[in-house]
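Biologist: Before we go through the packing and the open spaces of this model, could you put the sequence and structure up for us?

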Amino acid sequence: MTASAPTTDVADRSIWTRGFVYVFAINLVINLAQFMMNTLVPKLAVELGASAVVVGVVAGMFAVTALSVRPVVGPATVRLRRNHLLAGTSAVIMLAFVVYSVADSVPVMMAGRLLHGAGMGFLAPVMLALASDNLPERRMASGIGIFSLGQAVATAIGPSVGLALQPLVGYRWTFLAGAVVLALASLLALRVPSDPPAPPTGRLFSWRAFVASEAAVPAVVLFFLAGAYAGVTSFVVLYGEALGVRDIGLFFTAYALCVLVSRPVAGRIADRYGLTTVILPGMAVFAASFVLLAHARTLGAFLVAGAVSAFGYGVCQPAIQTMSLMSVDKARRGVAGNTSYIGVDLGYLVMPVVAGAVVSAAGRHGADVAQSYSTMFLTLVVPVVLGMVVFLVRGRRRATRVHEVSTDA
């Protein structure tokens, strides 16, 4: 069952092409399953006896295999049908959820995270490339922003569904429910219009097939920003529970609802005035969200922090990914997406471990659990500021050139 190839003349079409609708729906479904599970992985690790540092290791371990498959992701997106790759990687993540469902020790959870990472290493670049293939060039920033709304909707629903379902049916059946959702996504992926691969040219494995140097700066910026956000997804539920805050999963709902409002507007602004007009304010607001988190003590304060984070990371992240995609020609967008997600993977690998170490260090110096998490969130301002410095020094001019090229297309 192979879908027909998309029409190549998309320059003046609506964002909502048939192919884009399919990709948007799959992105929504996959992220729904992911966010149902992501809030439960740290909780299960704690129940299995993991320390804060080990929780960080478990949360970030999927990045080990995600990074290890990167050398083959770029060539695969050029040599194979991207809808077939999407179906296969969704199936791999489904198997990871099955492993989570039977985990009775931290090592088994780690095995599931490694399998999960192998799928994620392919998933995000392939999804991003398929989305961009079915978008008009002049509306790329708007389109990528709308595409990412699938993740925002899933963020609003997934954590609360997972946290509500787990006490009712247990970890096993909650993870299996996520596996069923991934199975449906794998089948739907085969319906996505996808061009046949071009005839092979050059070496299959080369530096150029693995990394797009043009997308290196966005990848470095995403390392800092995504890494900081990984600290939020790994520890905000545990922080809220340490404070005795009920319904802490609503933090993600507040984040997602504000992303639903902010991303379409930010995409239109970026298309019209350039990516820098979105990226720089977004990073500044994202940094402020960590200060709010560090001082949050009530559900209302957490909801405000989630909303501010949405107007920060939720706005600038798709703009930085657009910068990455638009820095190369269409045939190499899978490679550019792969490059940008190397930064994301490294951030998710490194930052949760660093954040967990900060929590443990604060505890050794006499802070209680809640104070330790508060200190950790405050320190996560540092990587956001570093990302802003990298963009100002190396990325701002390139973002301006990307905007000029897209408006001339």
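Biologist: In this predicted model, how many nonpolar, polar and charged residues does the lining of the second largest pocket have?

Modeller: The residues that line this pocket, which has a volume of about 220 Å³, include K43, E241, R246 and D247, and Lys, Glu, Arg and Asp count as charged. Among the other lining residues are S160, Q166 and G249, and Gly is placed with the polar class. By class, the lining has 4 charged, 3 polar and 5 nonpolar residues.

Biologist: Which helix gives the largest share of the lining of the second largest pocket?

Modeller: The lining includes S160, L163, Q166 and P167, and the helix in question spans residues 149–189. With 4 residues, the largest share comes from helix α9.

Biologist: At what angle do helix α1 and helix α8 pack?

Modeller: On the α1 side, F20, V23, F24 and N27 meet G143, I146 and F147 of α8, a contact that divides into 5 nonpolar, 2 polar and no charged residues. The axes of α1 (residues 18–38) and α8 (residues 140–147) are 10 Å apart, and the helices pack at an angle of about 35°.

Biologist: Which helix supplies the largest share of the largest nonpolar core?

Modeller: This core has 116 residues, and L86, L225, V236, F290, F302 and F377 touch the most other members. Its largest share, 14 residues, comes from a helix spanning residues 216–242, namely helix α11.

Biologist: Leaving aside residues up to four places away in sequence, which residues does L225 touch?

Modeller: L225 is one of the residues that touch the most other members of the largest nonpolar core. With those sequence neighbours not counted, L225 touches M283, F286, Y313, C316, I320 and V384.

Technical notes:
Residues are numbered from 1 along each chain as its sequence is written. This is a predicted model: local features need pLDDT of at least 70, side-chain atom pairs count only at pLDDT 80 or more; totals for chains, interfaces and linings use all residues. Side-chain values use heavy atoms; hydrogens and water are left out. On a 1 Å grid over the protein atoms alone, a cavity is a set of points where a 1.4 Å probe fits but cannot get out, and a pocket is an open set with protein on both sides within 12 Å along at least five of seven lines; lining residues have an atom within 4 Å of a point. Grid points are joined across faces, edges and corners, and a volume is the space filled by probe spheres set on the points. Helices (H or I, at least four residues) and strands (E, at least two) are DSSP runs, numbered from the N terminus. Axes are lines fitted to C-alpha atoms, for helices over the stretch in contact, and angles run from 0 to 180 degrees between N-to-C directions. Contact means heavy atoms within 4.5 Å. A nonpolar core is a set of buried Ala, Val, Leu, Ile, Met, Phe, Trp, Tyr and Cys residues joined through side-chain atoms within 4.5 Å. Buried means under 20% relative accessible area, exposed over 50%, partly exposed in between (1.4 Å probe, protein chains only).
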